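Here's a walk through the fold you have on screen, with an eye on charges, rings and packing. Keep the viewer open as you read.

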Amino acid sequence: MLKLSPPVRQYLIITGNYWAFTLTDGALRMLVVLHFHQLGFSPLNIALLFLFYEIFGVITNLVGGWLGARIGLNKTMNIGLGLQVIALLALTVPTAMLTVPWVMAAQALSGIAKDLNKMSAKSGIKALLPAGAASAKTQRPVGEAAYESRLYHWVALLTGSKNALKGVGFFLGGVLLATLGFAGAMWAMAGVLLLVWIASLLSLKSDLGKAKNKPKFGDIFSSSRAVNILSAARLFLFGARDVWFVVALPVFMATTLGWADWAVGTFFACWVIGYGMVQSIAPYFTGKKSGKVPDGRAAMRWAIPLAVLTAGIALGVSLGNGLAVILIGGLLLFGVLFAINSSLHSYLIVSYAKEDGASLDVGFYYMANAMGRLIGTVLSGWVYQSAGLAACLWISAAFIALAALISLGLPRHAAV
């Protein structure tokens, strides 16, 4: 029988928690978009339902990193799981009570839960794989290059598997809406996640990621130049994705292309699953074959083709010929390039983060990520409603170009 080391067991528990949470998060996103579109909500109003989700994500990442360093990542992860159960239960009320303020409040809880969970999972890898850790095969300390390679591999696996499962969650959301209805879906997801939460309370290590020196509240703002530059690039990168992906694209598919709800949910599920699979193998595209670990300049080099591709999709949509082919083909290529960019960024922030209290730097970085999602989500509804999908895509291309430009300031080597 295979005996796993304590760090590996903790990594698997964290990954399992992250997977379970991600399934409900992806399903909830699709359920809200499709259900409220059926109720006659406009694209902008649907976007506004996610406003508090994104706003509280910004706040949570900023404060959550400090909290994780003080009380431990096990506690922040478990708080996140518990809050998601409450958020799901809040949406089981009758349809007449699902007012915009009520749904926004439930989404606020879900936003806090999601970012506590993600920050804890990403920071946990740094805590479980400290620099100089022994190799699993030789039991000897690994060198810096080998450590960075293993770190990139672990981060890519966690990030990729999470997004693949988020795609499954999109599909699950469509299926649950068709079979159990909106409230029934919420009850089912809350029940399963409650069991995961109880198991996590009993099994996660109590001092995971707790800083040796208690950080002050003022430490929530990163003092690292590399972390600050990478955070700014991340803001525009994820704003670029969500400005057309969150509201504009699913509504465009349902209205202009005439796709059924289940077809929209299935397409997004397959896209995000493929996106997650590419993220998992991103190290093979960014230097692992040659034995090199990417540095900060790789973030700029991979952003440029993504910006060019997005501008090409925008041009195709503007011309209006073969929209379905342009969108599907463009989305597949966009997914591959965006997955590599995202995985590369996720590795760099874990690498740049200081070892003691890594959650502070990781939390600050994902605060910028959440800010980008917030800007993208609001623009997705507003710009689509006022100017159409092509305008969303042109803004996306401009945002990615800005991310590439900002990335010029990143250090040439991954470790700082």
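## Charged pairs on the inside

In this predicted model, K166 counts as buried, with a relative accessibility of 14%. Its partner is D25: the two make a salt bridge whose closest N and O atoms are 3.8 Å apart. K166 sits in helix α6 (residues 144-179) and D25 in helix α1, so this bridge ties together parts that lie 141 residues apart in sequence. D25 is buried too, at a relative accessible area of 5%.

The whole structure holds 3 salt bridges. Another one of them joins the side chains of D115 and R373, at 3.4 Å from N to O. Here the link runs between helix α5, home of D115, and helix α14 (residues 358-387), home of R373, so parts 258 residues apart in sequence are tied together. Both D115 and R373 are buried. Then there's R241 with D242, whose side chains meet at 2.8 Å, N to O. R241 is buried at 11% relative accessibility, and D242 is buried with a relative accessible area of 3%.

## A lysine without a bridge

Which side chain of opposite charge is nearest to K118? That would be D115, 4.3 Å away. A salt bridge needs the nitrogen within 4 Å of the carboxyl oxygen, and K118, although buried, has no salt bridge.

K118 is found in helix α5 (residues 100-128). Leaving out residues up to four places away in sequence, K118 touches Y18, Y366, N369 and R373. R373 is a familiar name here: its side chain is the one that meets D115 in a salt bridge.

## Aromatic rings

Time to switch to the rings. A pair of aromatic rings is described by the distance of the centres and the angle of the planes. Searching the whole structure turns up 16 aromatic pairs. F36 and F41 are an edge-to-face example, with 5.0 Å between centres and 75° between planes. F36 counts as buried, at 0% relative accessibility.

W271 and Y275, on the other hand, are stacked: their centres are 5.3 Å apart and their planes 10° apart. Both residues belong to helix α10 (residues 261-280), and because they are 4 residues apart there, about one helical turn separates them. W271 is buried with a relative accessible area of 7%, while Y275 is buried at 3% relative accessibility. Zoom out and you'll find W271 and Y275 in a cluster linked by ring pairs, together with F170, F238, W244, F245, W259, F267, F268, F334 and F338.

## The nonpolar cores

Which residues touch the most other members of the largest nonpolar core? Among its 89 residues, they are F182, W244, L249, F268 and L389. Helix α1 (residues 6-38) supplies the largest share of this core, with 10 residues. A second core, separate from that one, has 26 residues, including L151, L348, I349 and L410.

W244 is worth clicking on. Not counting residues up to four places away in sequence, W244 touches L249, L327, L331, F334, S380, L389, C392, L393 and S396. Two of those contacts, L249 and L389, are also on the list of residues that touch the most other core members, and F334 shares the ring cluster with W244.

## A proline at a helix start

P43 is found in helix α2 (residues 43-49) and is buried, with a relative accessible area of 16%. Now look for A248: P43 and A248 are 205 residues apart in sequence, yet their C-alpha atoms are 7.2 Å apart in space. Setting aside residues up to four places away in sequence, P43 touches V247, V251, G381, Y384 and Q385.

## The whole chain

Finally, the overall numbers. The protein chain has 15 helices and 0 strands. Of its 416 residues, 58% count as buried. Looking at contacts between residues at least 6 apart in sequence, 86% join residues at least 24 apart; the pairing of K166 with D25, in parts 141 residues apart, is one link of long sequence separation to look at. As for the outside, the protein chain exposes about 16000 Å², and carbon and sulfur atoms supply 71% of that area.

Conventions:
Residues numbered from 1 in each chain as written. Predicted model: local features only at pLDDT ≥ 70, side-chain atom pairs only at ≥ 80, totals over all residues. Heavy atoms only, no water. Helix = DSSP H or I, 4+ residues; strand = E, 2+ residues; numbered from the N terminus. Buried < 20%, exposed > 50% of the residue type's maximum accessible area, 1.4 Å probe, protein only. Contact = heavy atoms within 4.5 Å. Areas by Shrake-Rupley, 256 points an atom, 1.4 Å probe, with all protein chains shown as cover. Lys, Arg positive; Asp, Glu negative; His and termini not counted. Core = buried A, V, L, I, M, F, W, Y, C linked by side-chain atoms within 4.5 Å. Phe/Tyr/Trp six-rings, centres within 6.5 Å; stacked < 30°, edge-to-face > 60°.
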